[in-house]
Amino acid sequence: MRTITLINGDGIGPEISESTLEIIEASGLKINWDIQTAGQKVAEEEGTPLPKRVIDSIKKNKVALKAPVTTPIGKGFRSVNVQLRKELDLYANIRPCKNIKGIETRFNDVDLIVVRENTEDLYAGIERKVDENTAESIKIITRGASERIVDYAFNLAVKQNRKTVWCVTKANICKLSDGLFLESARKIAQNYPDIEFKEILVDNLCMQLVQNPSKFDVLVLPNLYGDIVSDLTAGLIGGLGVAQGANIGKECAVFEPVHGSAPDIAGKGLANPAALIFSAVEMLKYIGETGYADKIDRAIRETIENKDSLTKDLGGTSTTREFTDAIIKRLR
Ligand code: NAI
């Protein structure tokens, strides 16, 4: 039986993890879950929010499913999510964004993929207080990491038969850092003559995404823009409750939704587990369990299309429990 690390997170994390595990079990697939806790409570008990045992578990199992973990805002420990990605060198954050039948949105022809660089940029966490009234954060962009993520994006475009890779920066202002990312992208693009390469500034991209998202295909971005733009693109297909993601490295992969721990609805049974379930479906494909992945994917899509027991974020009135049960009923 395959062992996979599960970080069940905090906030809505435990609720949506429980739902996802139940659905996988009901599909008939047996997985030995190596459950690892992380975050605030763990920091109080073990002195660090991300103990070495979590990293060791993922290194050993190679694959993890991860629910969101809260990061204190404006103070406290460094994000567990950022640390994890850095420690395991999960350099590519892949966030597909495609309309889901049954979820009515402004546009019905969205089909793009956000490829976010996952290890550097302002997320390097190099900050200091210069004096009482001044703070500075250092934005790190390296040629190696930029070429690697752009190459990943082009490779993905080839594998998925896509036509265009858009490099998104603010190289008109951050001339050196984003300039280096863009220069790296232009170089890598030359290796993929069959894929069209386009450049766009991030502010213009945001405007065009809300006006005409269907013109975009694969987007490759430095870390911060990728983070922000992927929440925007989640909004195009029905919101954070359905937006899946994956962090991929050379050795390991961690599958997790785009959304955070949603403290505003935690513990109320209102969370939509779909984003974590879709992330788990990708994880199952990644480990070669395509049959089970397709079975779960079909069940959740049918449930949503039939507007069967939808959670509040999708316009329904059902709880996490009811939505989970509706998906389980459709597994076949
Ligand atoms: P958030 O994504 O947790 O929530 C934003 C809004 O979307 C909230 O109104 C929330 O209720 C709603 N929402 C999110 N997921 C939902 C779901 N599955 N079902 C229904 N509604 C959902 O973002 P926020 O509030 O900015 O961050 C909360 C915490 O999460 C912060 O500590 C942040 O650092 C952390 N976070 C963790 C991430 C991770 O673990 N990968 C990613 C993003 C944020």
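Modeller: A residue is near a molecule if one of its heavy atoms lies within 4 Å of it. The model is predicted: local features need pLDDT of at least 70 and side-chain atom pairs pLDDT 80 or more, while totals for chains, interfaces and linings use all residues. Residues are numbered from 1 along each chain as its sequence is written, and side-chain values use heavy atoms, leaving out hydrogens and water.

Biologist: Which residues come nearest to the ligand?

Modeller: Thr-71, Gly-260, Ala-262, Asp-264 and Asn-272 do, out of 22 residues around the ligand.

Biologist: What makes up the shell by class?

Modeller: The shell has nine nonpolar, eight polar and five charged residues. Here Ala, Val, Leu, Ile, Met, Phe, Trp, Tyr, Cys and Pro count as nonpolar, Asp, Glu, Lys and Arg as charged, and the others, Gly among them, as polar. Therefore, in this shell, Gly-260 is polar, Ala-262 is nonpolar and Asp-264 is charged.

Biologist: What makes the pair between Gly-260 and the ligand a polar contact?

Modeller: The cut-off is a pair of N or O atoms within 3.5 Å; within protein, one must also be able to donate a hydrogen and the other to accept it, and residues adjacent in sequence count only if both atoms are side-chain atoms. An oxygen atom of the ligand is 2.7 Å from a polar backbone atom of Gly-260, so the pair qualifies.

Biologist: How do you know that Glu-256 and His-259 qualify too?

Modeller: A side-chain N or O atom of Glu-256 is 3.1 Å from a nitrogen atom of the ligand. For His-259, a polar side-chain atom lies 3.3 Å from a ligand nitrogen. Both distances are within the cut-off, so both pairs are polar contacts.

Biologist: How much of the ligand does the protein cover?

Modeller: The cover is 72% of the 810 Å² of accessible area that the ligand has on its own, by the Shrake-Rupley method with a 1.4 Å probe.

Biologist: Why is Asn-81 called buried?

Modeller: Buried means under 20% relative accessible area, exposed over 50%, and partly exposed in between (1.4 Å probe, protein chains only). Asn-81 has 11%, so it counts as buried. Its place is in helix H4, residues 80–87, where a helix is a DSSP run of at least four residues (H or I), a strand one of at least two (E), and both are numbered from the N terminus. The side chains of Asn-81 and Lys-66 are joined by a polar contact of 2.6 Å.

Biologist: Why is Lys-62 called partly exposed, and where does it lie?

Modeller: The relative accessible area of Lys-62 is 37%, so Lys-62 is partly exposed. It is in the loop between helix H3 (52–61) and strand E3 (63–66). Although Lys-62 is not a glycine, it has a positive phi of about 75°.

Biologist: What makes Asn-161 exposed?

Modeller: Asn-161 has 68% relative accessible area, so it is exposed. The loop that holds Asn-161 runs between helix H5 (143–159) and strand E8 (164–169). Its phi is also positive, about 60°, although Asn-161 is not a glycine.

Biologist: Which class does Thr-70 fall in, and how far is it from Ser-261?

Modeller: With 31%, Thr-70 is partly exposed. Thr-70 is found in the loop between E3 and H4. Its C-alpha atom and that of Ser-261 are separated by 5.7 Å, with their positions 191 residues apart along the chain.

Biologist: Why are Ala-185 and Gly-13 called buried?

Modeller: Ala-185 has 0% relative accessibility, so it counts as buried, and Gly-13 is buried at 0% too. Ala-185 is found in helix H6, residues 177–189, while Gly-13 belongs to helix H1, residues 13–26.

Biologist: Why is Leu-314 called buried, given that it is found in a loop?

Modeller: The label rests on accessible area: Leu-314 has 16%, so it is buried. Its loop lies between helix H10 (290–305) and helix H11 (320–329).
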